[in-house]
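Please look over the model shown here with two topics in mind: a central strand and the surroundings of the ligand.

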Amino acid sequence: MTTSSRPLRVVAVSGSLTSPSRTTALVEAIAEAFGRVLPVESHLITLHELGPHLGGALTRKQLPQVAEDELQRIENADLLVVASPVYRASFTGLFKYLFDFVDQYALVDTPVLLAATGGSERHALIIEHQLRPLFGFFQSLALPVGVYAHDSDFTDYRISDDGLADRIEKAVGRALPLVRSSFEERETIERTLAGEEAVDALSD
Ligand SMILES: Cc1cc2nc3c(=O)[nH]c(=O)nc-3n(C[C@H](O)[C@H](O)[C@H](O)COP(=O)(O)O)c2cc1C
């Protein structure tokens, strides 16, 4: 990997409506795992905090600045870590509501690690049947291994199951080559654009 000019911008999105939250603990643990192997700058968005700011907006223009800022962070992320609790066999309505405001082409090729928590093992396929198609729509690079956690993997809203910790490490390990090459490509584009701007400035 070439020397990076900046840390990887990781944006973690938790679709949980509650605090404390197992889902939020899960996305934080995944973002931290990336931070152990790459220089990262992490930002956490929770629907528990952001949800009330979305109000009843029908269009992006109706959103307050705080929500617009978070959308821009999502759209400019080098890596997204997204997770939702399973609600009625899918992601929470507010999780989808947030992503309905994201520009259709802003996440093209963005690596996305998919994760979810649920009260039942039987809903683990939310990752393949709900989350993967959503990020397929965005033409994102949905990473190969997702992480599903059951309520019993947590104690007091902290990860307490070694198996879950291992699954996080495995998902991050499998994601790493893809995240690295995607970041290198982005940096090359950024350097090229910065170079073109410098040339334009000289010729003005
Ligand atoms: C309204 C509601 C609906 C739920 N529906 C499901 C479900 O369909 N399948 C499931 O496995 N768990 C379901 N659960 C359990 C949550 O997904 C689970 O407790 C999750 O870990 C909560 O995450 P949190 O601590 O981040 O809020 C539901 C919980 C609530 C409150």
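Which residue in E4 is the bridge partner of Pro85? The bridge partner of Pro85 in E4 is Thr117.

## Basis of the model

This is a predicted model, in which local features need pLDDT of at least 70 and side-chain atom pairs count only at pLDDT 80 or more, whereas totals for chains, interfaces and linings use all residues. Residues are numbered from 1 along each chain as its sequence is written, and side-chain values use heavy atoms, with hydrogens and water left out.

## Strand E3 and its partners

Strand E3 (residues 79–85; strands are DSSP runs of E, at least two residues, and helices runs of H or I, at least four, numbered from the N terminus) is largely enclosed by the rest of the structure, because seven of its seven residues are buried, that is, under 20% relative accessible area with a 1.4 Å probe and protein chains only. Leu79, Val81, Ala83 and Pro85 are buried on one side of E3, and Leu80, Val82 and Ser84 are buried on the other. In a regular strand the side chains alternate between the two faces of the sheet.

E3 pairs in the parallel sense with strand E1 (residues 8–14) over five bridges, where pairing requires at least two DSSP bridges between the strands, and Ser14 stands opposite Ala83. E3 and E4 also run parallel, joined by six bridges.

## Ligand surroundings

A polar side-chain atom of Asp151 lies 2.5 Å from an oxygen atom of the ligand, and a polar backbone atom of Arg22 is 2.9 Å from a ligand oxygen atom. A nitrogen atom of the ligand is 3.0 Å from a polar backbone atom of Arg88.

Note on methods
A polar contact is a pair of N or O atoms within 3.5 Å; within protein, one must be able to donate a hydrogen and the other to accept it, and residues adjacent in sequence count only if both atoms are side-chain atoms. Buried means under 20% relative accessible area, exposed over 50%, partly exposed in between (1.4 Å probe, protein chains only).
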